[in-house]
Amino acid sequence: MSSVNITGTGMYIPAQIVTNEDMKRFVDTSDEWIVQRTGIRERHFSQGEPNWYMGVQAAKQAVGNAGVDPKEIDVIISCSITPDYFYPTIACTVQDELGADNAFCWNMEAACSGFIYALDVARSYLAVGSAKTVLIVCSENMSKSLDFTDRSTCVLFGDGAAAAVVQKGDGLYASCMGSDGRTGAALLARALPLDTPFATEKDDPKYAKYMEANDPYLKMNGRAVYRFTAHAIPNMVTGACERAGIQVEDLDLIVPHQANLRIIETAAERLHVPMEKMYVNIDRYANTSCASVPICLAELVADGRLKRGDKIALAGFGGGLTCGAVVFEW
Ligand code: ACO
């Protein structure tokens, strides 16, 4: 079977640690509430380093660990919902900083599911032979999209980046993806509004009612997202296992998107897997959007916890709403 082989991982976490106690400076909250409802104890926030810089550091580490020459990279896919610029994309900036002159580079947007979707796209490139080496870079500066007067969102997110070098593998591989645009309003952040000498944006009948005009900050209906994810992770992991021809119990490890410990625990219950098989680091980083799953991978590799041949599932969900899982042998 045509699969993926993740030959190098890397991560960059800003040095600045912000604890739940620190968040009490901005909003009426408590360490107890945040830990009980989410499992988050602290997060890292950028000290001013741009998003692309974080992505480049993670990418350099991943490429170094893979032992590939940057000139061998055929494709760079970046994922980010918090870029510094609409363009150039982080992928093109990473290309420049690494000297990956032979790559073509683009950004994909599937919010927190980004790494899962990008890995599936990378596998397609590798399977049809249009690439031999793909670099995926996920970098998020979520802190800049937070409204620090909204306690229901600002305590949930953190900043960080991670990257993976992906080459062709020959173990099992399957993916299961899904999106639900009907619940798109549950997670919203607006882009530039139309405001020119020729026209000013009319009230957008679809999403404007959920926010003030020109408000660029993340808006979330936490309960709606929770309801979506309670089914999304189990369904996607089960679907990917079915397509791979294995049972969920055959998985050695599940790496879920780190949005809420309770969501991960619910997924474990529904999948009938023990929590020891669910990788969790949300206590230290909070939700770093698309960077969360590859940060987990980079930690697992650094800790020597993944053995070649291990069957693992990666599962994500996020704005859109989007969700997906991939199952493959490490
Ligand atoms: N501190 C203290 N109290 C708070 C805080 C806070 N930080 N935030 C909300 N509350 C209060 C609310 O105001 C509410 O008070 P009220 O009862 O007086 O109105 C009470 O706590 C309960 O609020 P709920 O929203 O019902 O709390 P819930 O148990 O649903 O937890 C949470 C909220 C953590 C957001 C949960 O719904 C959740 O995790 N949802 C999924 C979120 C998610 O996954 N987001 C990201 C996905 S995609 C991506 O990663 C971009």
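Is Met211 buried or exposed? Select Met211 and keep that question in mind as the tour starts; the model on your screen is a predicted one.

**Stop 1: Met211**

Met211 is buried, with a relative accessible area of 14%. You will find Met211 in the loop that runs between β9 (187-188) and β10 (219-220). Show what surrounds the residue: apart from neighbours within four places in sequence, Met211 is in contact with Leu188, Arg190 and Lys219. Now draw a distance from the C-alpha of Met211 to the C-alpha of Ile263, which sits 52 residues away along the chain; the two atoms are 26 Å apart.

**Stop 2: helix α3**

Next, select residues 51-66, which make up helix α3. This helix has 16 residues, and from first C-alpha to last it reaches 23 Å, close to the 22 Å expected at 1.5 Å a residue. Colour its buried residues: Asn51, Met54, Gly55, Val56, Ala58, Ala59, Ala62, Val63 and Ala66. As you follow them, recall that an α-helix has 3.6 residues a turn, so residues three or four places apart point the same way.

What do the buried residues of α3 pack against? Bring up β1 (3-12), α4 (90-98), β6 (133-141) and β7 (159-169), and you have their partners. Before leaving, step just past the end of α3 to Gly67, where phi is positive, at about 70 degrees.

**Stop 3: aromatic pairs**

How many aromatic pairs does the structure hold? There are six. Start with Phe45 and Phe148, an edge-to-face pair with ring centres 5.9 Å apart and 90 degrees between the planes. This pair links distant parts of the chain, 103 residues apart: Phe45 lies in the loop between β3 (42-44) and α3, and Phe148 in the loop between β6 and α6 (151-154). Turn on a surface and compare the two rings' residues. Phe45 is buried at 8% relative accessible area, whereas Phe148 is partly exposed at 27%.

For another pair, go to Trp52 and Tyr53. Their ring centres are 6.1 Å apart and their planes meet at 75 degrees, so this pair is edge-to-face. Trp52 is partly exposed, with a relative accessible area of 25%, and Tyr53 is also partly exposed, with 32%. Add Tyr12 to the selection: ring pairs link Tyr12, Trp52 and Tyr53 into a cluster.

**Stop 4: around the ligand**

Centre the view on the ligand. Which of the 25 residues around the ligand come nearest? They are Arg37, Cys112, Arg223, Asn260 and Asn287.

Three distances are worth drawing here:

- From a ligand nitrogen atom to a backbone N or O atom of Arg151: 2.9 Å.
- From a ligand oxygen atom to an N or O atom in the side chain of His257: 3.0 Å.
- From a ligand oxygen atom to an N or O atom in the side chain of Asn260: 2.6 Å.

Stay with His257 for a moment. His257 belongs to the loop between β11 (253-256) and α8 (261-271), and with 1% relative accessibility it counts as buried. The side chain of His257 also makes a polar contact with the side chain of Asn287, at 3.3 Å. Beyond its neighbours within four places in sequence, the residues in contact with His257 include Cys112, Ile264, Ser289, Ser292 and Phe317.

**Stop 5: Gly158**

Select Gly158, in the loop between α6 and β7. At 0% relative accessibility, Gly158 counts as buried. Leaving out neighbours within four places in sequence, its contacts include Phe45, from the aromatic stop, and Asn287, from the ligand stop. Arg43, His44, Met142, Tyr285, Ala286 and Thr288 are in contact with Gly158 too. Draw one further C-alpha to C-alpha distance, to Ile17: Gly158 and Ile17 are 141 residues apart in sequence and 9.6 Å apart in space.

**Stop 6: the cysteines**

How many disulfides are found in a search of the whole structure? The search finds zero. Select Cys105 and Cys92 to look at one example. The closest cysteine sulfur to that of Cys105 is in Cys92, 4.8 Å away, which is too far for a bond because a disulfide needs the sulfur atoms within 2.5 Å. Cys105 is buried, with a relative accessible area of 16%.

End the tour at Cys241 and Cys176. The sulfur of Cys241 has its closest cysteine sulfur in Cys176, and at 9.8 Å that is too far for a bond. Cys241 counts as buried, at 1% relative accessibility.

Note on methods: Residues are numbered from 1 along each chain as its sequence is written. This is a predicted model: local features need pLDDT of at least 70, side-chain atom pairs count only at pLDDT 80 or more; totals for chains, interfaces and linings use all residues. Side-chain values use heavy atoms; hydrogens and water are left out. Buried means under 20% relative accessible area, exposed over 50%, partly exposed in between (1.4 Å probe, protein chains only). Helices (H or I, at least four residues) and strands (E, at least two) are DSSP runs, numbered from the N terminus. The expected span of a helix is 1.5 Å times one less than its number of residues. Contact means heavy atoms within 4.5 Å. Rings of Phe, Tyr and Trp (its six-membered ring) pair if their centres lie within 6.5 Å; planes under 30 degrees apart count as stacked, over 60 as edge-to-face and the rest as tilted. A residue is near a molecule or strand if one of its heavy atoms lies within 4 Å of it. A polar contact is a pair of N or O atoms within 3.5 Å; within protein, one must be able to donate a hydrogen and the other to accept it, and residues adjacent in sequence count only if both atoms are side-chain atoms.
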